[in-house]
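This briefing goes through a single protein chain by topic, from its interior to its surface. Please keep the sequence and the structure at hand while reading.

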Amino acid sequence: MLERGHVVEAARKDLVDEAEKRVEAMVKKAQGGILLLSQAHTLKAPERTDSSGQEVIAQLGMKMDALKRKVPVWPQNVCIVFTGPRAEVNNFLTAQSFKVAGTVDLVDFSSADLTEILTRIVAKRKFTLSQSLLQGGVL
């Protein structure tokens, strides 16, 4: 359970260079919600030779450890979510020895799938989609 539930998204470019200050700022901004690390595996991808990503990883590791020590099980101050392709994120988490509470594999939905989901939600709640939306080729 989170206090507020807002989402703060960060990618490699948002965290490298002055990693300690940037990671601290992002975690602070995400307090009470979710820090979503987009394409987390790129922080330390094998093709990268710079140490910037490793500095970010070290700071994240320290933050995660500090959060575990300070916070009771519920509610959490912040939830850190690592996103990216399944295999790459799994390899990244394993290589960094991050202890994660759990994983969720999300399916990549096609446009047709999303249209079907929206149509069912709308019908179930007895709403109507606007004609401009239907006629505009959006759905």
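A residue is called buried when its relative accessible area is under 20%, exposed when that value is over 50%, and partly exposed in between. The model is predicted, and by the cut-offs just given Thr83, at 23% relative accessibility, counts as partly exposed. The points below begin with the nonpolar core and then turn to contacts, charged pairs, the surface and the backbone.

**Nonpolar core and aromatic pair**

- The largest nonpolar core comprises 25 residues, and those with the most contacts inside it are Leu35, Leu37, Val56, Phe82, Phe92 and Phe98.
- At least two residues of this core come from each of the strands β1 (7-10), β2 (33-37) and β3 (78-82), and likewise from each of the helices α2 (19-30), α3 (52-70) and α4 (86-96).
- Val56, one of the core residues with the most contacts, is in contact with Leu15, Val16, Ala19, Val23 and Leu43 when its neighbours within four places in sequence are left aside.
- The count of aromatic pairs comes to 1, and this pair is formed by Phe82 and Phe92, whose rings are tilted, with 6.1 Å centre to centre and 50° between the planes.
- The aromatic pair links distant parts of the chain, since Phe82 belongs to strand β3 and Phe92 to helix α4, 10 residues apart, and both Phe82 and Phe92 are buried.

**Contacts around Thr83, Gln96 and Asn91**

- Thr83 lies in the loop between β3 and α4, and, not counting residues up to four places away in sequence, Thr83 touches Leu36, Leu37, Ser38, Gln39, Ala40, His41 and Val89.
- One of these contacts, Gln39, is 44 residues from Thr83 in sequence, yet their C-alpha atoms are 5.2 Å apart in space.
- Gln96 lies in helix α4 and is buried, because its relative accessible area of 17% is under the 20% limit.
- Gln96 touches Lys44, Gln54 and Ile57, residues up to four places away in sequence not being counted.
- Asn91 is also placed in helix α4, but at 54% relative accessibility Asn91 counts as exposed.
- Although Asn91 and His41 are 50 residues apart along the chain, their C-alpha atoms are separated by 8.0 Å.

**Salt bridges**

- A search of the whole structure finds 4 salt bridges, among them the pair of Lys63 and Glu24, whose side chains meet at 2.5 Å, N to O.
- The pair of Lys63 and Glu24 links distant parts of the chain, with Lys63 in helix α3 and Glu24 in helix α2, 39 residues apart; Glu24 is partly exposed, with a relative accessible area of 38%.
- Asp14 forms a salt bridge with Lys13, in which the closest N and O atoms are 3.3 Å apart; Asp14 is partly exposed at a relative accessible area of 23%, whereas Lys13, at 63% relative accessibility, counts as exposed.
- Glu116 forms a salt bridge with Arg120, the closest N and O atoms being 2.6 Å apart.
- Glu116 and Arg120 are separated by about one helical turn, because they are 4 residues apart in helix α5 (residues 111-124).
- Within this pair, Glu116 is partly exposed, with a relative accessible area of 39%, while Arg120 is exposed, with a relative accessible area of 58%.

**Nonpolar surface patch**

- Val107, Phe109, Leu114, Ile117 and Ile121 make a nonpolar surface patch of about 450 Å².
- Val107, one of the residues of this patch, lies in the loop between α4 and α5 and is exposed, because its relative accessible area is 58%, over the 50% limit.

**Positive phi values**

- Asp17 is a residue other than glycine with a positive phi, near 65°.
- Asp17 is found in the loop between α1 (12-15) and α2, and at 51% relative accessibility Asp17 counts as exposed.
- Gln39 has a positive phi of about 55° although it is not a glycine, and Gln39 lies in the loop between β2 and α3.
- With a relative accessible area of 37%, Gln39 is partly exposed, and Gln39 is among the residues that Thr83 touches.

Key:
Residues are numbered from 1 along each chain as its sequence is written. This is a predicted model: local features need pLDDT of at least 70, side-chain atom pairs count only at pLDDT 80 or more; totals for chains, interfaces and linings use all residues. Side-chain values use heavy atoms; hydrogens and water are left out. A nonpolar core is a set of buried Ala, Val, Leu, Ile, Met, Phe, Trp, Tyr and Cys residues joined through side-chain atoms within 4.5 Å. Buried means under 20% relative accessible area, exposed over 50%, partly exposed in between (1.4 Å probe, protein chains only). Contact means heavy atoms within 4.5 Å. Rings of Phe, Tyr and Trp (its six-membered ring) pair if their centres lie within 6.5 Å; planes under 30 degrees apart count as stacked, over 60 as edge-to-face and the rest as tilted. Patches are made of residues with over 30% relative accessible area and no salt bridge: like charges are joined within 9 Å, nonpolar side chains (Val, Leu, Ile, Met, Phe, Trp, Tyr) within 5 Å. Accessible areas come from the Shrake-Rupley method with a 1.4 Å probe; for residues, only the protein chains shown count as cover.
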